[in-house]
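Welcome! Take a moment to turn the model around on your screen, and then let us walk through it together.

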Amino acid sequence: MKKICIINGPNLNLLGTREPGIYGNQSFDAYFSTLQQQFSEVELSYCQSNIEGELIDHLHKVGFDYDGIILNAAAYTHTSVGIGDAIKAIETPVIEVHISNTFSREDFRHQSFITPHAKGLILGFGLKSYSLAIQSFLE
Ligand code: DQA
């Protein structure tokens, strides 16, 4: 069974209530159950933190024996050299995802410290971005 971990960064614990016009009105917990049903052949795990160092710790923890990591580093995408370096330091490939199309938003969201080290980037498809990322690890 393939092992894939989803790591969500700051403020994504508020999905469902946070700016629903941009991020939708479903909580990530509810969506995660849907993903588990959709990909029952995959061992899926999920964690979320608002703390940059905890996200780095989690990348280190899963980054050597998982088959794939799906990372939405949220606002840290645009600021964190440390998360970018962590992706470089681990072996498991990372797919960067975003719920919104960050390129149609403010200029500061066009910069990513993740993309140069990621296997690929999926953004702008709402929560479906995560499902597309899982599919890409299975093909
Ligand atoms: C986000 C986009 C980021 O710019 C923002 O800071 C987020 C969420 C997204 O999934 O669309 O918190 O990563």
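Let us begin with a pair of cysteines. The sulfur of C5 has its closest cysteine sulfur in C47, at 5.2 Å, and that is too far for a bond. Keep in mind that this is a predicted model, so the distances here are computed from it. The cut-off helps with the reasoning: a disulfide calls for two cysteine sulfur atoms within 2.5 Å. Seen from the other side, C47 finds its closest cysteine sulfur in C5, again at 5.2 Å and too far for a bond.

Where do these two cysteines lie, buried or exposed? C5 is buried, with a relative accessible area of 0%. C47 also counts as buried, at a relative accessibility of 18%; the limit for that word is under 20%. What about disulfides elsewhere? A search through the whole structure turns up 0 of them.

Now let us move to the ligand. Where does the ligand sit? You will find it in the largest cavity. Around the ligand are R18, Y23, N72, A74, A75, H78, H98, I99, S100, T102 and R109. Sorted by class, this shell holds 4 nonpolar, 5 polar and 2 charged residues.

Some of these neighbours are worth a visit, so zoom in on their side chains. In S100, a side-chain N or O atom is 2.6 Å from an oxygen atom of the ligand. N72 places a polar side-chain atom 2.8 Å from a ligand oxygen. For H98, the distance from a polar side-chain atom to an oxygen atom of the ligand is 2.8 Å. How much of the ligand does the protein bury? On its own, the ligand would expose 320 Å², and the protein buries 99% of that.

Definitions and conventions: Residues numbered from 1 in each chain as written. Predicted model: local features only at pLDDT ≥ 70, side-chain atom pairs only at ≥ 80, totals over all residues. Heavy atoms only, no water. Near = heavy atom within 4 Å. Polar contact = N/O pair within 3.5 Å; in protein donor to acceptor, adjacent residues only side chain to side chain. Areas by Shrake-Rupley, 256 points an atom, 1.4 Å probe, with all protein chains shown as cover. 1 Å grid on protein atoms, 1.4 Å probe; cavity = no way out; pocket = protein on both sides within 12 Å on 5 of 7 lines; lining within 4 Å. Sits in = over half its atoms within 2 Å of the grid points. Nonpolar A, V, L, I, M, F, W, Y, C, P; charged D, E, K, R; others polar. Buried < 20%, exposed > 50% of the residue type's maximum accessible area, 1.4 Å probe, protein only.
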